[in-house]
Structure formats: structure tokens, C-alpha cells
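Please open the structure in your viewer and keep the selection tool at hand. The tour below goes from stop to stop, naming what to select and saying what is there.

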Amino acid sequence: MKQSLSSLSILPACSSMAYAQDVFVFDCTRVEKDYTESYVLGIIPASQRQKAKIYLDDRDLDRKDDGGYQEVKSVTFSGPNILMTVEARFEPELIDGITYPPGKVLTQLTLNQNTGKLKKVETIQGGLLGVHMGNGTKTTEESCVAQP
């Protein structure tokens, strides 16, 4: 289930973490009604020099711009489970003449490495997502397979 960091194509070749460190890579699928999405999930445990990182395809989940930020808060390995927490905060937005308030999404993920089941619990408060999806907590499940 583990790969060396150098074999993970979703990480930049010039990464400061290019020394030998374990990385966990999974091919995941999300199905919602008639929509199916496949993506690669890369998880790098924390080291003495670097906090834990999560990548979806080529996208680092630690991101910041004028619209807000998204941060990987924790990655914990507990038996076969990988527990991850990601927080996103959004500034007020003006889209098509509609002003949306600031918002926050807290996502807690549990990936069982034995079964491949990824449980995602998202708590939405305000913002564009709160208006369109509703505030509150939503739980979904996805399927993941460890890359050989």
C-alpha cells in the first residue's frame, strides 16, 4: 500500500520532501445519482520537517488566495484507518449579482485501508455552499483502492 515519494506522479518533482518518505496513494471513485467522478488521493504523513499533506489529483489541499483558504488540519493513522481533517473558509462572494456571505466547511475523512471505504463528513456553515446545499452536516461514502 505504500510507495516511495519519488514514484508519486501527483507531486512536483522539485518538492522539498523528495527524500525517502512514505506516501499512500489511492484510486477513488465518488458516485452521486447519475454522476461518477474518479480521482487519485495522495496522503503524505507528517515528518519532523513537514506537516502532513493531502493531494487530490495534482491539487494540494493546502491552498490560500483572496477568496479564502483551505488547510489540512490533521492526518492520523489509527490501525487500518487514516483519519483526516480539512477546513475551508470562504470570503463573501459576489456571483452573477448575488452576494453570498462568508462560509466555512469542515471535512472529516476516514479511509479504511483494508476495505477501501472512504467516509466523508462535511459540516457546511454559510457561504455559497450553505445557500445552495444547505447548512448542516452531510455524510457520504466513496470507494478507494490502494495503488500497487
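What follows is a walk through a predicted model, beginning with the whole chain and going on to single sites.

**The whole chain**

Begin with the protein chain in a cartoon view, where you can follow one helix and 13 strands. Read from the N terminus on, the elements run β-β-β-β-β-β-β-β-β-β-β-β-α-β, with the helix placed just before the last strand. If you then colour the chain by accessibility, 34% of its 148 residues count as buried. Contacts can be viewed by their span along the sequence as well: among those between residues at least 6 apart, 35% join residues at least 24 apart.

**The disulfide**

Now select Cys28 and Cys144, which form a disulfide with their sulfur atoms 2.2 Å apart. The count for the structure comes to one disulfide, and with 110° about the S-S bond this link of Cys28 and Cys144 is right-handed. Because Cys28 lies in strand S2 and Cys144 in strand S13 (residues 136-146), the pair ties together parts that are 116 residues apart in sequence. Are these two cysteines buried or exposed? Both Cys28 and Cys144 are buried.

**The aromatic pair**

Stay with strand S2 and select Phe24 in it, together with Phe77 in strand S7. The structure holds one aromatic pair, and here the ring centres of Phe24 and Phe77 are 4.9 Å apart while their planes stand at 40°, so the pair is described as tilted. Since strand S2 covers residues 22-32 and strand S7 residues 68-78, the two rings tie together parts that are 53 residues apart in sequence. With a relative accessibility of 6%, Phe24 counts as buried, whereas Phe77, at 33%, is partly exposed.

**Thr85 and its contacts**

Next, select Thr85, which is found in strand S8 (residues 81-90) and counts as buried at 17% relative accessibility. Which residues does Thr85 touch, leaving aside those up to four places away in sequence? Show Glu71, Val72, Lys73 and Ser74, and then Leu106, Thr107 and Gln108, for Thr85 touches each of these.

**The largest pocket**

Thr107 leads on to the largest pocket, since Thr107 is one of the lining residues that lie nearest its centre, along with Leu56, Gln70, Lys120 and Glu122. In total 36 residues line this pocket, and its volume is about 1000 Å³. Strand S8 gives the largest share of the lining, with five residues. If you colour the lining by class, you will find 16 nonpolar, five polar and 15 charged residues.

**Two residues with positive phi**

For the last stop, bear in mind that most residues other than glycine have a negative phi. Select Asp57, in the loop between strand S4 (53-56) and strand S5 (59-60), and note that its phi is positive, at about 50°, although it is not a glycine. Asp57 is partly exposed, with a relative accessible area of 36%. Then move to Asp96, in the loop between strand S9 (93-95) and strand S10 (98-100), where phi is again positive, near 50°, in a residue other than glycine. Asp96 counts as exposed, at 76% relative accessibility.

Methods
Residues are numbered from 1 along each chain as its sequence is written. This is a predicted model: local features need pLDDT of at least 70, side-chain atom pairs count only at pLDDT 80 or more; totals for chains, interfaces and linings use all residues. Side-chain values use heavy atoms; hydrogens and water are left out. Rings of Phe, Tyr and Trp (its six-membered ring) pair if their centres lie within 6.5 Å; planes under 30 degrees apart count as stacked, over 60 as edge-to-face and the rest as tilted. Helices (H or I, at least four residues) and strands (E, at least two) are DSSP runs, numbered from the N terminus. Buried means under 20% relative accessible area, exposed over 50%, partly exposed in between (1.4 Å probe, protein chains only). Contact means heavy atoms within 4.5 Å. On a 1 Å grid over the protein atoms alone, a cavity is a set of points where a 1.4 Å probe fits but cannot get out, and a pocket is an open set with protein on both sides within 12 Å along at least five of seven lines; lining residues have an atom within 4 Å of a point. Grid points are joined across faces, edges and corners, and a volume is the space filled by probe spheres set on the points. Ala, Val, Leu, Ile, Met, Phe, Trp, Tyr, Cys and Pro count as nonpolar, Asp, Glu, Lys and Arg as charged, and the others, Gly among them, as polar. A disulfide is a pair of cysteine sulfur atoms within 2.5 Å.
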